[in-house]
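This report describes selected local features of one protein model. It takes up a single residue, the sheet around that residue, and a separate helix.

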Amino acid sequence: MSHYKPYSKYKDSGVEWIGNVPDGWNVARIKRFTSLRNERCTDALEGWRYIGLEDVESGSGKYRPTEGNSRQNEDSTVGVFRSGDVLYGKLRPYLRKAIVSDSNGVCSTEFLVMQPTSIMASWLHQWLLTTEVTQQIEAGCEGTKMPRADWEHVGSLYVPSPSQSEQTEIIAVLDRETASIDAIIAKKTRFIELLKEKRSALIIHAVTKGLNPNVKMKDSGVEWIGEVPEHWERRKIAHAFECIGSGTTPPSDQDKWYSDGEIPWITTGELRETVITETSKCVTIKALEEFSTLRLYPAGSLAMAMYGATIGRLGILGVPATTNQACCVLSGEISLSIRYAYFWLLAFKQQIIDLYAAGGGQPNINQEVIAFLRVPAPNLVEQATITAFLDRETARIDLLTQKTQHSIDLLKERRSALITAAVTGQIDLRESA
């Protein structure tokens, strides 16, 4: 943004958190030039799309529809919006979800639907997405479980704005500049997707074909595994480890099991395909003594989530630890190494869930399912060679992914800073239109 110049003259906006604005700009409350649309309906309106909070990208204000219809059911009460309205998510976790509608439609009642009158919808939209405004709105949210912003507070906030013609000029430049940034972000995002696909394919190939391209193959006997090297053997997980177990949750309302605890206690939320060295909670030695199902597993053990939204997640213990009942833990290598089992379970996570998980919205697997899985694998020496290769190659891909993601984050920061500078008058975009 260094090539953009400031305005020649500024004045005090009269609003402390806004500061100075260009001379000639107006500063007024949102409700002075915007009305709140309160229309509600339950009838399905033919040809009208539905927009939920999940359909709007946070921070950018872009429409990113989810697969299928996100509306709960046809009898749900929804808000009505018209083309040119500004929809603003009023739940505190979603305050940076705002969008300008380009058609008539219905939306979640968790949107404030604003109808701009004497200000461009795009100007109000960009203003609402700035960090400074988000902080102001967040400070006024009310409620305990799900704090919300209300129209009285949002409508009372001030917005600096130039004339309609100048708004048009500035928005035109912003649209052009942000489109350029968004195109780069899209390319980098796609590159990350390709890296993830490459990583997954690399792991699957290594744990099913090995590293020798000339080895003789045989049918594994499992359709979703395919052929494996002829000398590999199917190793039942129940026989491949000395211990397969789980854990439990001491009563959470009793501090004696947790207060000043020193033994890490792992929940499935902490399984992130990484080595676990710290946990949000620890249990006491007394808890370990009192609850027979609370077992201490050695560092190097492999934990897998068995229930719900986290099903299939993996983690390797970096320290001795206990777990809750939703984790299955493998320890004590016999014929399978922990690292090999980790990569194999990672490779076939979805197949295991699809074939063996029970339950509807929250699928579950159990220890018996994991214990009876049969893993085609070479001897421990060759397993070590394969996992060393995978550790090296996945680390290389992960580093490239992290660098690319960092550049995306910087681009998003640049995008946000450009918009903020433009709609607060820190830079003059008129000659760039």
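In this predicted model, Ser-331 touches Phe-241, Glu-242, Cys-243, Tyr-297, Pro-298, Ser-301 and Ile-338, leaving aside residues up to four places away in sequence. Ser-331 belongs to strand S23, which spans residues 327–333. With a relative accessible area of 7%, Ser-331 is buried, because the cut-off for burial is under 20%.

Strand S23 is part of an open sheet of five strands, ordered S16-S23-S20-S21-S18, and the pairing in this sheet is mixed. Strands S16 and S18 form the edges; each has a single partner strand, so one side of each lacks a neighbour in the sheet. On average, neighbouring strands of the sheet are turned by 25 degrees against each other, direction ignored.

S20 and S23 pair in the antiparallel sense over four bridges. Within this part of the sheet, Ala-305 has Cys-327 of S23 as its bridge partner. Helix H8 packs on the sheet and touches S16, S20, S21 and S23. The direction of H8 makes about 170 degrees with that of S21.

The residue ranges of the strands that H8 touches are as follows.

| Strand | Residues |
|---|---|
| S16 | 241–245 |
| S20 | 302–305 |
| S21 | 314–317 |
| S23 | 327–333 |

A further helix, H3 (residues 131–139), has Val-133, Thr-134 and Ile-137 buried. These residues lie on the same side of H3, because they cover an arc of only 100 degrees around the axis. The packing partners of the buried residues of H3 are strand S8 (86–89), helix H2 (121–128) and helix H4 (151–156).

Terms used: Residues numbered from 1 in each chain as written. Predicted model: local features only at pLDDT ≥ 70, side-chain atom pairs only at ≥ 80, totals over all residues. Heavy atoms only, no water. Helix = DSSP H or I, 4+ residues; strand = E, 2+ residues; numbered from the N terminus. Buried < 20%, exposed > 50% of the residue type's maximum accessible area, 1.4 Å probe, protein only. Contact = heavy atoms within 4.5 Å. Arc of directions from axis to C-beta. Pairing = 2+ DSSP bridges. Axes fitted to C-alpha atoms, helices over the stretch in contact; angles between N-to-C directions.
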